[in-house]
Amino acid sequence: MVEKATLRTERLLLRPWRDDDRAVFAQLNADPQVMEFFPSTLTAAESDALADRIVALFDEQGWGLWAVEVVGSAPFVGFIGLNKVDAVLGYPSVEIGWRLIQPAWGHGYATEGAFAALRFGFDDLALDEIVAMAVLGNARSRRVMTKLGMTSRADEDFDHPRVPAGSPLRRHALHRIGRAAFAQRSEAPGGFDSANRST
Ligand SMILES: CC(C)(COP(=O)(O)OP(=O)(O)OC[C@H]1O[C@@H](n2cnc3c(N)ncnc32)[C@H](O)[C@@H]1OP(=O)(O)O)[C@@H](O)C(=O)NCCC(=O)NCCS
């Protein structure tokens, strides 16, 4: 059995999933505002199937889309983490992604947790680059990418192969950060020194 990583930040625990996360995950995936930039909300069965896939990858790799806990206040607020997207981009690549319940928005949690996940990707997985993708109009998510030091170029916008042709949600921006830029971002004043790792 592969050892499963847990990441600790100042306010968050990014941990392996538990069965009791699934009820809140289903509520999250059924919320039209959370799912505004996805083709549809998910039924409870679809949400459970997604949780199954996330847990299976976690069991296999020891890392992935971590369940996020706000320490001392909320046992599960969604996921933040890393995911292989070779099939989407057509070359070996790992993305960072996030999806949180609405009451958890606007506290800087996505940025804080994602920073720890980026550090894990560069330090523990020895990745050279991590990408992120979002519907062009998903300003909230793209703002998180920018705050993390990720950059995008209009000439790398692409049509997401899993979104139906003709959908206004098909066009995506591709954001990237490389190892050197991440190291610089970590050391910058007001950087992210609060994100510590433990396994
Ligand atoms: C995207 C998401 C994870 C952000 O979580 P969060 O914890 O609120 O993010 P943070 O607080 O770290 O940062 C959000 C930033 O977006 C800004 N923001 C909020 N609403 C915004 C808007 N409508 N337009 C532009 N920026 C916005 C915030 O002000 C903040 O930036 P700031 O720190 O410079 O003020 C959360 O909104 C979410 O789960 N959304 C639904 C799922 C989703 O879209 N996932 C991503 C798919 S690519």
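**Ligand shell**

I sorted the residues of the shell around the ligand by type: 10 are nonpolar, 6 polar and 4 charged. I keep in mind that this is a predicted model. Then I looked for the closest ones. Of the 20 residues around the ligand, W105, A110, T111, A139 and R143 come nearest. Next I asked which elements give two or more residues to this shell. They are β5 (94-100), α4 (109-123) and α5 (139-147). I noted that α5 gives the most, with 6 residues.

**The chain overall**

I counted elements next. The chain has 6 helices and 10 strands. I checked the extent of the C-alpha trace along its principal axes and found about 40 × 40 × 35 Å. Does the radius of gyration agree or disagree with that of a compact globule? It agrees, because a compact globule of 199 residues would have a value near 16 Å, and the chain has 16 Å. I also looked up burial: 32% of the 199 residues are buried. For contacts with a separation of 6 or more, I found that 64% join residues 24 or more positions apart.

**The largest nonpolar core**

I turned to the largest nonpolar core, which holds 46 residues. V68, I80, A114, A117 and L118 touch the most other members. The helix α4 gives the most to this core, with 9 residues. I noted a general point here: in soluble globular proteins, nonpolar side chains tend to be buried together.

I picked V68 and listed its contacts, leaving aside neighbours within four places in sequence. V68 is in contact with L12, L14, V77, G78, F79, I80, L100 and G113. I80, one of these partners, is also among the core members that touch the most others.

**Strands β3, β4 and β5**

I followed the strands from there. How do β3 (residues 65-70) and β4 (residues 74-84) pair? They pair in the antiparallel sense, over 5 bridges. V70 stands opposite A74 in β4. I looked at the turn of this hairpin and found 3 residues between the strands. G72 takes a positive phi there, near 80°.

On to the next pairing. β4 and β5 run antiparallel and are joined by 7 bridges. I checked G78 and found its bridge partner in β5, L100. Both G78 and L100 had turned up in the contact list of V68. I also recall β5 from the ligand shell, to which it gives two or more residues.

**A126, a positive phi**

I went looking for an unusual backbone angle. A126 has a positive phi of about 55°, although it is not a glycine. Where is A126 placed? I found A126 in the loop between α4 and β6 (129-135). I then checked whether A126 is buried or exposed. A126 counts as exposed because 8 other C-beta atoms lie within 10 Å, and the cut-off for exposed is 12 or fewer.

**V131, a contrast in burial**

My last stop was V131, in strand β6. V131 is buried, with 21 other C-beta atoms within 10 Å; buried needs 20 or more. I listed its contacts, again without neighbours within four places in sequence. They are S93, E95, L174, H175 and R176. E95 falls in the range of β5 (94-100). Finally I took the distance from V131 to V71. They are 60 residues apart in sequence and 28 Å apart in space, C-alpha to C-alpha.

Terms used. Residues numbered from 1 in each chain as written. Predicted model: local features only at pLDDT ≥ 70, side-chain atom pairs only at ≥ 80, totals over all residues. Near = placed C-beta within 6 Å. Helix = DSSP H or I, 4+ residues; strand = E, 2+ residues; numbered from the N terminus. Nonpolar A, V, L, I, M, F, W, Y, C, P; charged D, E, K, R; others polar. Core = buried A, V, L, I, M, F, W, Y, C linked by C-beta atoms within 7 Å. Contact = placed C-beta atoms within 7 Å. Pairing = 2+ DSSP bridges. Rg over C-alpha atoms; globule rule 2.2 N^0.38 Å.
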